[in-house]
Amino acid sequence: MRHSISRTMLLFAAGLLLSGTASAQEVSQERIVKGLGKLTAAAPAIDLEILRQEAISGGHKPMAELPNWKRIAKLPQMVVEINFENDSVAIQPQSYRTLGLIADALHHPNLWAYKFLVVGHASSTGDEKHNLELSEQRAAAIKEALSTTFAVDPQRLYAIGVGEYLPIEGSDTAASNNRRVQLINLGVFKSKS
(Lines give C-alpha, C1' and ligand atoms only; values in the text may rest on other atoms or scores of the structure.)
Protein backbone atom coordinates (compact mmCIF):
# COMPACT_ATOMS: atom_id res chain seq x y z
CA MET A 1 0.00 0.00 0.00
CA ARG A 2 2.91 2.33 0.71
CA HIS A 3 4.90 1.98 -2.47
CA SER A 4 2.48 2.19 -5.30
CA ILE A 5 -0.19 4.50 -6.52
CA SER A 6 -3.28 3.61 -4.59
CA ARG A 7 -6.45 2.93 -6.50
CA THR A 8 -9.80 2.66 -4.91
CA MET A 9 -12.98 1.22 -6.26
CA LEU A 10 -16.40 2.42 -5.22
CA LEU A 11 -18.63 -0.58 -4.98
CA PHE A 12 -22.33 -0.05 -4.67
CA ALA A 13 -24.42 -2.93 -3.37
CA ALA A 14 -27.21 -4.48 -5.50
CA GLY A 15 -28.32 -7.98 -4.58
CA LEU A 16 -25.65 -10.55 -5.06
CA LEU A 17 -25.64 -9.40 -8.64
CA LEU A 18 -22.88 -7.12 -9.73
CA SER A 19 -24.95 -5.01 -12.04
CA GLY A 20 -22.02 -4.42 -14.25
CA THR A 21 -18.42 -4.07 -13.31
CA ALA A 22 -18.06 -0.69 -14.87
CA SER A 23 -14.83 1.04 -15.58
CA ALA A 24 -14.53 4.71 -14.68
CA GLN A 25 -15.12 5.62 -18.34
CA GLU A 26 -18.49 3.86 -18.30
CA VAL A 27 -19.82 5.54 -15.19
CA SER A 28 -22.74 7.87 -15.59
CA GLN A 29 -25.30 9.36 -13.27
CA GLU A 30 -28.02 7.36 -15.01
CA ARG A 31 -26.14 4.11 -14.52
CA ILE A 32 -25.50 4.82 -10.84
CA VAL A 33 -29.14 5.74 -10.23
CA LYS A 34 -30.28 2.61 -12.05
CA GLY A 35 -27.80 0.40 -10.21
CA LEU A 36 -28.65 1.71 -6.77
CA GLY A 37 -32.36 2.13 -7.26
CA LYS A 38 -33.19 -1.55 -7.25
CA LEU A 39 -33.80 -1.81 -3.54
CA THR A 40 -37.40 -2.95 -3.20
CA ALA A 41 -37.40 -4.46 0.30
CA ALA A 42 -36.43 -2.97 3.63
CA ALA A 43 -32.69 -3.05 4.22
CA PRO A 44 -31.45 -4.90 7.33
CA ALA A 45 -30.40 -3.00 10.42
CA ILE A 46 -26.64 -2.88 10.78
CA ASP A 47 -24.07 -2.24 13.50
CA LEU A 48 -20.85 -0.78 12.12
CA GLU A 49 -18.65 -2.20 14.88
CA ILE A 50 -20.08 -5.70 14.41
CA LEU A 51 -19.39 -5.45 10.69
CA ARG A 52 -15.82 -4.25 11.33
CA GLN A 53 -15.05 -7.01 13.85
CA GLU A 54 -16.63 -9.67 11.66
CA ALA A 55 -14.43 -8.59 8.75
CA ILE A 56 -11.27 -8.56 10.91
CA SER A 57 -11.92 -11.98 12.41
CA GLY A 58 -13.26 -13.50 9.21
CA GLY A 59 -9.96 -14.92 8.04
CA HIS A 60 -10.05 -13.19 4.62
CA LYS A 61 -13.29 -14.96 3.76
CA PRO A 62 -15.34 -13.42 0.95
CA MET A 63 -17.89 -10.85 2.05
CA ALA A 64 -20.81 -13.15 1.23
CA GLU A 65 -19.52 -15.85 3.65
CA LEU A 66 -19.77 -13.68 6.77
CA PRO A 67 -23.23 -13.55 8.40
CA ASN A 68 -23.72 -9.81 8.66
CA TRP A 69 -21.82 -8.95 5.49
CA LYS A 70 -23.86 -11.54 3.63
CA ARG A 71 -27.00 -9.55 4.47
CA ILE A 72 -25.36 -6.39 3.17
CA ALA A 73 -24.05 -8.13 0.05
CA LYS A 74 -27.62 -8.73 -1.04
CA LEU A 75 -28.25 -5.03 -1.52
CA PRO A 76 -27.86 -3.17 -4.88
CA GLN A 77 -24.30 -2.56 -6.05
CA MET A 78 -22.22 -1.08 -8.81
CA VAL A 79 -18.50 -0.50 -9.30
CA VAL A 80 -16.82 2.76 -10.26
CA GLU A 81 -13.21 3.79 -9.78
CA ILE A 82 -11.70 6.48 -7.56
CA ASN A 83 -7.95 7.11 -7.25
CA PHE A 84 -6.08 8.22 -4.15
CA GLU A 85 -2.58 9.61 -3.79
CA ASN A 86 -0.02 6.99 -2.77
CA ASP A 87 -0.45 5.93 0.87
CA SER A 88 -2.72 8.89 1.41
CA VAL A 89 -6.35 9.82 1.90
CA ALA A 90 -6.02 12.59 -0.70
CA ILE A 91 -8.40 11.91 -3.56
CA GLN A 92 -6.71 12.53 -6.91
CA PRO A 93 -8.20 15.52 -8.73
CA GLN A 94 -9.33 13.51 -11.75
CA SER A 95 -11.54 11.40 -9.49
CA TYR A 96 -13.70 14.35 -8.51
CA ARG A 97 -15.64 14.02 -11.75
CA THR A 98 -16.64 10.50 -10.72
CA LEU A 99 -17.46 11.70 -7.22
CA GLY A 100 -19.60 14.40 -8.78
CA LEU A 101 -21.51 11.80 -10.79
CA ILE A 102 -22.07 9.80 -7.63
CA ALA A 103 -23.24 12.89 -5.77
CA ASP A 104 -25.59 13.82 -8.62
CA ALA A 105 -27.01 10.30 -8.45
CA LEU A 106 -27.48 10.53 -4.68
CA HIS A 107 -29.40 13.80 -5.24
CA HIS A 108 -31.57 12.17 -7.91
CA PRO A 109 -35.26 11.82 -6.94
CA ASN A 110 -34.98 8.03 -7.22
CA LEU A 111 -32.22 7.92 -4.57
CA TRP A 112 -32.63 11.03 -2.43
CA ALA A 113 -34.38 9.14 0.39
CA TYR A 114 -31.79 6.38 0.78
CA LYS A 115 -28.85 6.15 3.15
CA PHE A 116 -25.51 4.59 2.18
CA LEU A 117 -22.66 2.78 3.86
CA VAL A 118 -19.19 3.78 2.66
CA VAL A 119 -16.82 0.82 3.19
CA GLY A 120 -13.08 1.35 2.77
CA HIS A 121 -10.90 -1.60 1.70
CA ALA A 122 -7.16 -2.13 1.19
CA SER A 123 -4.95 -4.66 -0.53
CA SER A 124 -2.73 -6.87 1.65
CA THR A 125 0.37 -4.95 0.58
CA GLY A 126 1.88 -3.39 3.70
CA ASP A 127 1.13 -3.67 7.38
CA GLU A 128 -2.33 -4.92 8.40
CA LYS A 129 -2.85 -2.25 11.05
CA HIS A 130 -1.81 0.49 8.65
CA ASN A 131 -4.08 -0.90 5.95
CA LEU A 132 -7.02 -0.93 8.35
CA GLU A 133 -6.40 2.66 9.39
CA LEU A 134 -5.93 3.81 5.80
CA SER A 135 -9.15 2.13 4.70
CA GLU A 136 -11.00 3.86 7.55
CA GLN A 137 -9.54 7.21 6.55
CA ARG A 138 -10.38 6.73 2.87
CA ALA A 139 -13.97 5.80 3.63
CA ALA A 140 -14.19 8.90 5.80
CA ALA A 141 -12.61 10.99 3.02
CA ILE A 142 -15.26 9.84 0.54
CA LYS A 143 -18.01 10.63 3.01
CA GLU A 144 -16.54 14.06 3.69
CA ALA A 145 -16.08 14.88 0.00
CA LEU A 146 -19.63 13.85 -0.82
CA SER A 147 -21.05 15.88 2.05
CA THR A 148 -18.86 18.99 1.98
CA THR A 149 -18.02 19.38 -1.71
CA PHE A 150 -21.22 17.93 -3.16
CA ALA A 151 -23.76 18.73 -0.43
CA VAL A 152 -24.93 15.19 0.19
CA ASP A 153 -26.54 15.12 3.64
CA PRO A 154 -23.83 13.54 5.89
CA GLN A 155 -26.57 11.90 7.93
CA ARG A 156 -27.26 9.71 4.88
CA LEU A 157 -23.67 8.41 4.87
CA TYR A 158 -21.94 5.98 7.23
CA ALA A 159 -18.20 5.25 6.90
CA ILE A 160 -16.34 2.11 7.95
CA GLY A 161 -12.91 0.68 7.09
CA VAL A 162 -12.15 -3.03 6.93
CA GLY A 163 -8.55 -2.90 5.68
CA GLU A 164 -7.43 -5.95 3.74
CA TYR A 165 -9.89 -8.34 5.38
CA LEU A 166 -12.52 -8.59 2.63
CA PRO A 167 -10.61 -9.07 -0.64
CA ILE A 168 -12.49 -9.46 -3.88
CA GLU A 169 -13.35 -13.14 -4.17
CA GLY A 170 -10.93 -15.06 -6.32
CA SER A 171 -8.41 -12.23 -6.53
CA ASP A 172 -4.85 -11.89 -5.27
CA THR A 173 -5.24 -10.14 -1.91
CA ALA A 174 -2.33 -7.86 -2.81
CA ALA A 175 -3.92 -6.84 -6.12
CA SER A 176 -4.58 -3.15 -6.58
CA ASN A 177 -8.27 -3.72 -7.32
CA ASN A 178 -8.69 -4.66 -3.65
CA ARG A 179 -7.95 -1.02 -2.78
CA ARG A 180 -11.52 0.06 -3.06
CA VAL A 181 -14.49 1.64 -1.34
CA GLN A 182 -18.01 0.25 -1.35
CA LEU A 183 -21.11 2.39 -1.12
CA ILE A 184 -24.00 0.24 -0.04
CA ASN A 185 -27.63 1.28 -0.17
CA LEU A 186 -28.92 0.83 3.38
CA GLY A 187 -32.53 1.59 2.59
CA VAL A 188 -34.80 4.52 3.27
CA PHE A 189 -33.24 7.32 5.28
CA LYS A 190 -36.35 9.47 5.72
CA SER A 191 -39.31 10.77 3.85
CA LYS A 192 -38.82 14.00 1.96
CA SER A 193 -40.63 16.84 3.71
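Let us start at one small spot: alanine 151 sits in the loop between helix 5 and strand 4. This is a predicted model, and in it alanine 151 has a positive phi of about 60° although it is not a glycine. Is this residue buried or exposed? With a relative accessible area of 54%, alanine 151 is exposed, because the cut-off for that word is over 50%.

Now step back to the whole chain. The protein contains five helices and five strands, and along the sequence they follow the pattern β-α-α-α-β-α-β-α-β-β. Of the 193 residues, 51% are buried. Among contacts with a separation of 6 or more, 81% join residues that are 24 or more positions apart.

The loop we began with leads into strand 4, so let us look at that strand and its partner. Strand 3 (residues 114–120) pairs with strand 4 (residues 157–161) in the parallel sense, over five bridges. Between the two strands the chain passes through helix 5 (residues 128–149), and this β-α-β crossover is right-handed. Glycine 120 stands opposite glycine 161 of strand 4. Another residue to find in strand 3 is lysine 115, which is partly exposed at 23% relative accessibility. Lysine 115 is 38 residues from aspartate 153 in sequence, while their C-alpha atoms are 9.3 Å apart in space.

Helix 5 is the next stop. Serine 147 lies in this helix, and at 17% relative accessibility serine 147 counts as buried, because the limit is under 20%. A polar atom of its side chain lies 3.1 Å from the backbone oxygen of glutamate 144. Leaving aside neighbours within four places in sequence, serine 147 is in contact with Val152 and Pro154. What does leucine 146 touch, beyond its neighbours within four places in sequence? Its contacts are Leu99, Ile102, Ala103, Leu106, Ala151, Val152, Leu157 and Leu183, so the list brings us back to the alanine where we started.

Leucine 146 also belongs to a wider group. In soluble globular proteins, nonpolar side chains tend to be buried together. Here the largest nonpolar core has 45 residues, and those with the most contacts inside it are Trp69, Leu99, Leu106, Leu117, Ile142, Leu146 and Ile184. At least two residues of this core come from each of helix 1 (29–36), helix 2, helix 3, helix 4 (96–107), strand 3, helix 5, strand 4 and strand 5 (181–188).

Two of these helices show how a helix can turn one side inward. An α-helix has 3.6 residues a turn, so residues three or four places apart point the same way. In helix 1, the buried residues are Ile32, Val33, Gly35 and Leu36. Seen down the helix axis, they fall within an arc of 165°, so they line one face of helix 1. The face turned away from this buried side carries the exposed residues Glu30 and Lys34.

Helix 2 (residues 48–56) can be read in a similar way: Leu51, Arg52, Glu54 and Ala55 are buried there. Because they cover an arc of only 165° around the axis, they are on the same side of helix 2. What covers them includes helix 3 (67–73), strand 3, helix 5 and strand 4. At the start of helix 2, a side-chain oxygen of aspartate 47 reaches to within 2.9 Å of the backbone nitrogen of glutamate 49.

Conventions
Residues numbered from 1 in each chain as written. Predicted model: local features only at pLDDT ≥ 70, side-chain atom pairs only at ≥ 80, totals over all residues. Heavy atoms only, no water. Pairing = 2+ DSSP bridges. Helix = DSSP H or I, 4+ residues; strand = E, 2+ residues; numbered from the N terminus. Right-handed = clockwise from strand over helix to strand, strands pointing away. Buried < 20%, exposed > 50% of the residue type's maximum accessible area, 1.4 Å probe, protein only. Arc of directions from axis to C-beta. Contact = heavy atoms within 4.5 Å. Polar contact = N/O pair within 3.5 Å; in protein donor to acceptor, adjacent residues only side chain to side chain. Core = buried A, V, L, I, M, F, W, Y, C linked by side-chain atoms within 4.5 Å.
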